[in-house]
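The following exercises concern a single protein chain. Each sets a task and then works through the solution step by step.

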Amino acid sequence: MQGDYSKRTSFRDELLRRIGRNVVNFQFLESILRDMIPTLSLQTTYPSKHAQSVKTKQKAKKDTLGILAGTFLDGVFYSSNVDVAESIEEVHEITLTSKFQIDADTEKIAERKKGLLRLVVERNKLIHREVLKVDLNSEEQCQCLSEKLDEQNDRIRENLIFLNNIRKAQREIYSELSRYIQTDEFVTAFLSAKQSDTNDKEHQ
């Protein structure tokens, strides 16, 4: 009896550990997306020289993982069919607008989107269905779900590595941009552009 109980609690505890691990990693995935989305498009206005995100962080805080994934995927991958200039809001100050995008092969973009959106579906299924349906007293069911969660976690970790690499590159680029807009070269270039724009309007 004692042996049967120990065996039962062992495979049950292993399953619960895997569930907790995957849920936490899903939260990490959501956190990274929530952190990155507001910085995909930035505007820097002179003389404040402070970068402001075009997309508000308040909105990102309320979005679900599915919405976050869709917003991120739509914004981060480069598409030659999109006119960047059309997405820039009208401004009345000297403004530098920057967009962070990845130029990638169409097939690779589709594969990345498919993989991330698959995880969104699986996360919802795990939380709302699988955890509730599994019989914790059934060794077969516990082991089956445990194996599935191990494979799922490998894909979550792969996406976490992918996103962390993007975030690292993004921060390095924006750090370089931040240093540049503090220089006299930046101010001179912006003032020259402003004067040129003013002269063009006067001759129209």
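**Exercise 1: The nonpolar core**

Leaving aside neighbours within four places in sequence, Leu 163 is in contact (heavy atoms within 4.5 Å) with Leu 29, Ile 32, Leu 33, Met 36 and Phe 72. This is a predicted model, in which local features need pLDDT of at least 70 and side-chain atom pairs count only at pLDDT 80 or more, while totals for chains, interfaces and linings use all residues. Residues are numbered from 1 along each chain as its sequence is written, and side-chain values use heavy atoms, with hydrogens and water left out.

Task: Determine which residues of the largest nonpolar core touch the most other members, and which element gives the most to this core.

Solution.
- Step 1. A nonpolar core is a set of buried Ala, Val, Leu, Ile, Met, Phe, Trp, Tyr and Cys residues joined through side-chain atoms within 4.5 Å. Buried means under 20% relative accessible area, exposed over 50%, and partly exposed in between (1.4 Å probe, protein chains only).
- Step 2. The largest core has 34 residues, of which Leu 15, Phe 26, Leu 29, Leu 33, Phe 72 and Leu 163 touch the most other members.
- Step 3. Helix 1, helix 3 (65-76), helix 4 and helix 5 are the elements that give two or more residues to this core.
- Step 4. Helix 5 gives the most, with nine residues.
- Step 5. As background, nonpolar side chains in soluble globular proteins tend to be buried together.

**Exercise 2: A residue of helix 4**

Task: State whether Leu 119 is buried or exposed, and list its contacts beyond four places in sequence.

Solution.
- Step 1. Leu 119 lies in helix 4.
- Step 2. With a relative accessible area of 1%, Leu 119 is buried.
- Step 3. Beyond its neighbours within four places in sequence, Leu 119 is in contact with Phe 26, Leu 29, Gln 152, Arg 155, Ile 156 and Asn 159.
- Step 4. The C-alpha atoms of Leu 119 and Asn 153 are separated by 9.7 Å, and the two residues are 34 residues apart along the chain.

**Exercise 3: Salt bridges**

Task: Establish how many salt bridges the structure holds, and describe the pairs formed by Arg 171, Arg 118 and Arg 155.

Solution.
- Step 1. A salt bridge is a side-chain nitrogen of Lys or Arg within 4 Å of a carboxyl oxygen of Asp or Glu. The structure holds 12 salt bridges.
- Step 2. Arg 171 meets Asp 35 in a salt bridge, at 3.4 Å from N to O. This pair links distant parts of the chain, 136 residues apart: Arg 171 is in helix 5 (residues 139-180) and Asp 35 in helix 1 (residues 2-36). Arg 171 is exposed at 51% relative accessible area, whereas Asp 35 is partly exposed at 33%.
- Step 3. Arg 118 pairs with Glu 122, their closest N and O atoms being 2.8 Å apart. Because they are four residues apart in helix 4 (residues 106-133), about one helical turn separates Arg 118 and Glu 122. Arg 118 is partly exposed at 43%, but Glu 122 is buried at 14%.
- Step 4. Arg 155 pairs with Glu 151, with closest N and O atoms 2.7 Å apart. These two residues are four residues apart in helix 5 and are therefore separated by about one helical turn. Here Arg 155 is buried at 18%, and Glu 151 is partly exposed at 37%.
- Step 5. A network of salt bridges links Glu 14, Arg 17, Arg 18, Arg 21 and Asp 150.

**Exercise 4: Fold and confidence**

Task: Give the pattern of helices and strands along the sequence, and find where confidence is lowest and highest.

Solution.
- Step 1. Helices (H or I, at least four residues) and strands (E, at least two) are DSSP runs, numbered from the N terminus. The chain has six helices and three strands, in the pattern α-β-β-α-α-β-α-α-α.
- Step 2. Of the 204 residues in the chain, 32% are buried.
- Step 3. The mean pLDDT (the predictor's confidence in each residue, from 0 to 100) is 80, and 72% of residues reach 70 or more.
- Step 4. Confidence is lowest in strand 2 (residues 50-53), with a mean of 53, and highest in helix 4, at 93.
- Step 5. Over residues 81-88, pLDDT stays under 50, and the model has four contacts beyond four places in sequence for them.
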